Amino acid sequence: MTSLCGGTKVVEVTSLSAEESRVPAATTDHAQTGAVTELELRDVTVTFGGLTALSGVGLALQHGQVHGVIGPNGAGKTTLFNVACGFVRPDTGTIERAGRPVPGLRTRDLAGLGMARTLQGLGLFDRMTVLENVMVGAERHARSGFAAALLATLGSSRDEAALRERAREVLDGLGIAHHADRYPTSLPYPVRKRVALARALAADPEVLLLDEPASGLSGSEIEELGDLVRTLAGRTSVLLVEHHMDLVMRVCDHITVLDFGRVIASGPPDVVRDDPAVLAAYLGESVA
Ligand SMILES: Nc1ncnc2c1ncn2[C@@H]1O[C@H](COP(=O)(O)OP(=O)(O)OP(=O)(O)O)[C@@H](O)[C@H]1O
Ligand SMILES: [Mg+2]
């Protein structure tokens with residue numbers, strides 16, 4: 001099986017590039033640190049019936065960083081992810097993208113905001129080939145900014161050829177171009193996960209949201225995933241929601257730890273790792 005990073009290959013995310021930024025350059029400038037915030041959630045609370053899934057949660061994803069969200073089962077990670085990508089509207093709280101309030105984020109708005117996501121489930125279209133699935137990601141990007149104007153001036157066949165080429169390029173970067181004409185259901189789960197990642201990357205996102213990208217992967221595949229995520233950081237900012245503590249500790253610049261819907265720790269990996277509240281939360285989980 002080809003490696004997730006394609007050995008020495010690196011995903012090239014420049015062709016349908018984001019020069020003509022879909023959103024203004026990030027502007028939430030933190031004077032003291034010089035950090036620039038790409039995505040910020042403030043005081044977010046989400047309830048499902050009587051259950052409080054998130055309570056007063058805040059998080060700031062800084063430009064070019066990998067920001068991990070960890071926590072035991074049911075801690076609220078996916079709910080936080082869904083708020084960040086607009087699947088779930090919080091009861092209270094705000095979301096800002098590059099310093100601008102995002103009042104009602106819909107799925108189709110994501111590409112226009114320079115964002116892409118992969119889901120905890122795969123969310124692939126079973127009746128489309130791998131290539132077509134990834135073309136959907138490229139198309140979302142193409143329709144959202146500079147490339148939209150460009151493509152509007154081209155004939156539809158050239159349009160499709162550009163998307164096809166873009167999709168192949170991303171698949172190649174992930175070492176799975178040889179699966180381009182297969183259907184997702186005929187492929188092993190780890191390959192399908194890479195296809196889902198390829199579809200997100202084809203949108204050339206400035207902010208990439210990943211929900212449990214390591215689930216179902218073997219130890220070596222998780223290592224490769226970690227290398228890939230680090231490679232992506234810098235040109236894209238990554239929000240990594242993940243259960244695998246080791247992966248998160250290795251690749252993240254900053255980590256937010258949730259437990260029972262609340263932030264119990266937030267900081268760099270070496271600080272979070274030794275936090276008594278974090279140890280207690282995970283110890284509680286392993287005892288359970
Ligand atoms: N749509 C929903 N309706 C009702 N309750 C929900 C819904 N989604 C999540 N919950 C509940 O909210 C809490 C947080 O769930 P969430 O899926 O966000 O946790 P998680 O940290 O992602 O868990 P896991 O590690 O198992 O993926 C859980 O108690 C869950 O049962
Ligand atoms: Mg989850």
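Here two people talk through a predicted model of a protein chain with a ligand.

Colleague: Happy to look at this with you. Why is Ala 98 called buried?

Modeller: Ala 98 has 23 other C-beta atoms within 10 Å. A residue needs 20 or more to be called buried, so Ala 98 qualifies.

Colleague: And where is Ala 98 placed?

Modeller: In the loop between strand E5 (92-97) and strand E6 (100-101). Its phi is near 50°, a positive value in a residue other than glycine.

Colleague: How do you know that Asp 204 counts as buried?

Modeller: By the count again: Asp 204 has 29 C-beta neighbours inside 10 Å. The threshold is 20 or more, so Asp 204 counts as buried. Asp 204 sits in the loop between H5 and strand E8 (207-211), and its phi is positive, about 50°, although Asp 204 is not a glycine.

Colleague: Good. Which residues touch the most other members of the largest nonpolar core?

Modeller: Ala 84, Val 134 and Ala 198 do, in a core of 72 residues. Helix H5 (residues 189-202) gives the largest share of this core, seven residues.

Colleague: Why do you say that this core lies between domain 1 and domain 2?

Modeller: Because domain 1 (25-114 + 205-288) and domain 2 (123-203) both give residues to the core, it lies between them.

Colleague: What is Ala 198 in contact with, leaving aside its neighbours within four places in sequence?

Modeller: With Val 134, Val 170, Leu 171, Leu 174 and Ile 176. Each of these pairs has its C-beta atoms within 7 Å, as a contact requires.

Colleague: Now the ligand. Which residues surround ligand 1?

Modeller: The shell holds Phe 48, Leu 51, Ala 53, Gly 71, Asn 73, Gly 74, Ala 75, Gly 76, Lys 77, Thr 78, Thr 79 and His 243. Strand E3 (51-62) and helix H1 (77-84) each supply at least two of the residues, and H1 gives the largest share, three residues.

Colleague: How do the residues of that shell divide into nonpolar, polar and charged?

Modeller: Four are nonpolar, seven polar and one charged. Glycine is counted among the polar residues, and Gly 71, Gly 74 and Gly 76 are in the shell.

Colleague: Last one, on the whole chain: how many helices and strands does the protein chain have, and what share of its residues count as buried?

Modeller: The protein chain has nine helices and eleven strands. Of its 288 residues, 47% count as buried. Among contacts between residues at least 6 apart in sequence, 72% join residues at least 24 apart.

Notes. Residues are numbered from 1 along each chain as its sequence is written. Chains are lettered from A and ligands numbered from 1 in the order in which they are written. This is a predicted model: local features need pLDDT of at least 70, side-chain atom pairs count only at pLDDT 80 or more; totals for chains, interfaces and linings use all residues. A residue is near a molecule or strand if its C-beta atom, placed from the backbone, lies within 6 Å of it. Helices (H or I, at least four residues) and strands (E, at least two) are DSSP runs, numbered from the N terminus. A residue is buried if 20 or more other C-beta atoms lie within 10 Å of its own, exposed if 12 or fewer, and partly exposed in between; C-beta atoms are placed from the backbone. Two residues are in contact if their C-beta atoms, placed from the backbone, lie within 7 Å. A nonpolar core is a set of buried Ala, Val, Leu, Ile, Met, Phe, Trp, Tyr and Cys residues joined through C-beta atoms within 7 Å. Domain bounds come from an automatic or database domain assignment.
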